[in-house]
Amino acid sequence: MRPYNLPAEFGMKSILDPSFRYVSSSHTDLRKTFARVRREQAAANARNAATGPHAVVRLDMRRAPSLTSVR
C-alpha cells in the first residue's frame with residue numbers, strides 16, 4: 001500500500017522540489033493571489049455547472065486526522 005502523499009494528491013509542490021522558489025511575504029502580491037484563486041474557483045464552478053444537476057463532480061480531498069495522533 002502506498003503511503004498517503006499530500007503534495008502529490010493535491011498537486012502541491014514540495015519544498016524539496018528543485019523548482020520550488022520561496023517568496024517572502026514582503027514580495028507577495030495578495031491582490032494577484034486572491035484574483036488567481038477567484039478565477040480558479042469560478043472556472044471550477046463553471047465546469048461543475050456545465051455537467052448538469054445529476055452529474056458526479058470531483059470534490060477536493062482532505063486528509064483525515066490520524067487515529068494514532070489522538071490519545
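**A quick tour of a two-helix chain**

The chain has an accessible surface of about 7200 Å², and 60% of that belongs to carbon and sulfur atoms. Such areas come from the Shrake-Rupley method with a 1.4 Å probe; for residues, only the protein chains shown count as cover.

This is a predicted model: local features need pLDDT of at least 70, side-chain atom pairs count only at pLDDT 80 or more, and totals for chains, interfaces and linings use all residues. Residues are numbered from 1 along each chain as its sequence is written, and side-chain values use heavy atoms, leaving out hydrogens and water.

Next, the fold. The chain holds 2 helices and 0 strands. These are DSSP runs, numbered from the N terminus: helices are H or I, at least four residues; strands are E, at least two. Of the 71 residues, 0% are buried. Buried means under 20% relative accessible area, exposed over 50%, partly exposed in between (1.4 Å probe, protein chains only).

Now the salt bridge. The whole structure has 1. That means a side-chain nitrogen of Lys or Arg within 4 Å of a carboxyl oxygen of Asp or Glu. Here Arg36 pairs with Glu40, at 3.1 Å from N to O. They sit 4 residues apart in helix 2, so about one helical turn separates them. Glu40 is partly exposed at 44% relative accessible area. Arg36 is partly exposed too, at 38%.

Last stop, Thr28. Find it in the loop between helix 1 (6-10) and helix 2 (30-50). Its relative accessibility is 35%, so Thr28 counts as partly exposed. Leaving aside residues up to four places away in sequence, Thr28 touches Val23 and Thr33. Touching means heavy atoms within 4.5 Å.
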